[in-house]
Amino acid sequence: MYAPPIQRLIAEFSKLPGVGGRTAQRLAFHLLRGSDEDARALADAIREVKERIGLCEVCYNLADGPTCRICADERRDPELICVVEEPSDVISIERTHEFRGRYHVLGGALSPIDGVDPEDLKIAELYERVQTGGVREVVIATNPTTTGEATALHIATGVRERVPGIAVTRLASGLPVGADLEYADELTLGRALVGRRAV
Ligand SMILES: [Zn+2]
């Protein structure tokens, strides 16, 4: 129906989350109508983010160098590690201003049905961090979903097995069950952090 370059652009937009065929088409035509400069700026931004942003070698958060800004910040408490599923969860927790420790980003949640096993996540890396010593508490802030809860349990057991004296806590209830952290409002998430309980 369209010339191959247009078809290709629509196909690429369709791969984005929440973008259906019609929206993909609308975006493609929006770019075609717009200036060359705007289209190039978008293409450059996409290229730059893929070239310059990688994962922090300590916590696996997004970083534009070897370590992320949080790991590089010496004022952050290194004895407190908050474990989250995705880099976007770091942003959600930072917005509450209730957490002054460091993070560990797993890169997802355990889901054997979908083929996500412990070795697919940064779990061994977390164990290595806590075993190195100097960590007094691991706050598990995976999503309050089935896969998030299963991941929390797996990690709590694994951490305690390796470092018996360590405190392992989970965000307090009050978070909407079944939803992702990024949809929780700052106040609810902040309260869940302050009221975290041992697991
Ligand atoms: Zn980091």
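I take helices to be DSSP runs of H or I with at least four residues, numbered from the N terminus. On that reading, L42 lies in helix α3, which spans residues 36-52. I note before going further that this is a predicted model.

**Entry on L42.** I looked up the accessibility of L42 and found 36%, a value that counts as partly exposed because it falls between the 20% limit for buried and the 50% limit for exposed. I then took the separation of L42 from G65, which is 23 residues away along the chain, and the C-alpha atoms of the two are separated by 22 Å.

**Entry on the zinc site.** Which residues coordinate the zinc ion? I find the SG atoms of C56, C59, C68 and C71, at 2.2 to 2.4 Å. The angles among the four donor atoms run from 103 to 117 degrees, and the site is tetrahedral. For reference, I recall that the ideal angle for four tetrahedral donors is 109.5 degrees. Along the chain the donors of the zinc ion follow the spacing C-x2-C-x8-C-x2-C. One pair of donors links distant parts of the chain, with C59 in the loop between β1 (54-55) and β2 (62-63) and C71 in helix α4 (residues 69-72), 12 residues apart. I checked the accessibility of both: C59 is buried, with a relative accessible area of 1%, and C71, at 14%, also counts as buried, because the limit is under 20%.

**Entry on positive phi.** I keep in mind that most residues other than glycine have a negative phi. Y60, in the loop between β1 and β2, has a positive phi near 70 degrees, and with 17% relative accessibility Y60 counts as buried. H97, in the loop between α5 (87-96) and β4, has a positive phi near 60 degrees. Is H97 buried or exposed? H97 is exposed, with a relative accessible area of 67%. A glycine goes on the list as well, since I find G133, just after α6, with a positive phi of about 100 degrees.

**Entry on strand β5.** I followed the side chains of β5 (residues 137-140) and found E137 and V139 pointing one way, V138 and I140 pointing the other way, and all of them buried. This is to be read beside the rule that in a regular strand the side chains alternate between the two faces of the sheet. Which strands pair with β5? Strand β3 (residues 77-84) pairs with β5 in the parallel sense over four bridges, and C82 stands opposite V139. Strand β6 (residues 167-170) likewise pairs with β5 in the parallel sense over four bridges, and there R170 is the bridge partner of I140. I also traced the connection from β5 through helix α7 (residues 146-162) to β6, and the three make a right-handed β-α-β unit.

**Entry on helix α6.** In α6 (residues 123-131) I list I123, L126, Y127, R129 and V130 as buried. Why do they lie on the same side of α6? They do so because they cover an arc of only 160 degrees around the axis. The background is that an α-helix has 3.6 residues a turn, so residues three or four places apart point the same way. On the other side of α6, A124 and E128 are exposed. I then asked what covers the buried residues of α6, and the cover includes β3, β4 (101-105), β5 and α7.

Conventions:
Residues numbered from 1 in each chain as written. Predicted model: local features only at pLDDT ≥ 70, side-chain atom pairs only at ≥ 80, totals over all residues. Heavy atoms only, no water. Donors = N, O, S within 2.8 Å, 3.2 Å for Na, K, Ca; no water. Tetrahedral: all angles 85-135°; square planar, octahedral: opposite > 155°, others 65-115°. Helix = DSSP H or I, 4+ residues; strand = E, 2+ residues; numbered from the N terminus. Buried < 20%, exposed > 50% of the residue type's maximum accessible area, 1.4 Å probe, protein only. Pairing = 2+ DSSP bridges. Right-handed = clockwise from strand over helix to strand, strands pointing away. Arc of directions from axis to C-beta. Contact = heavy atoms within 4.5 Å.
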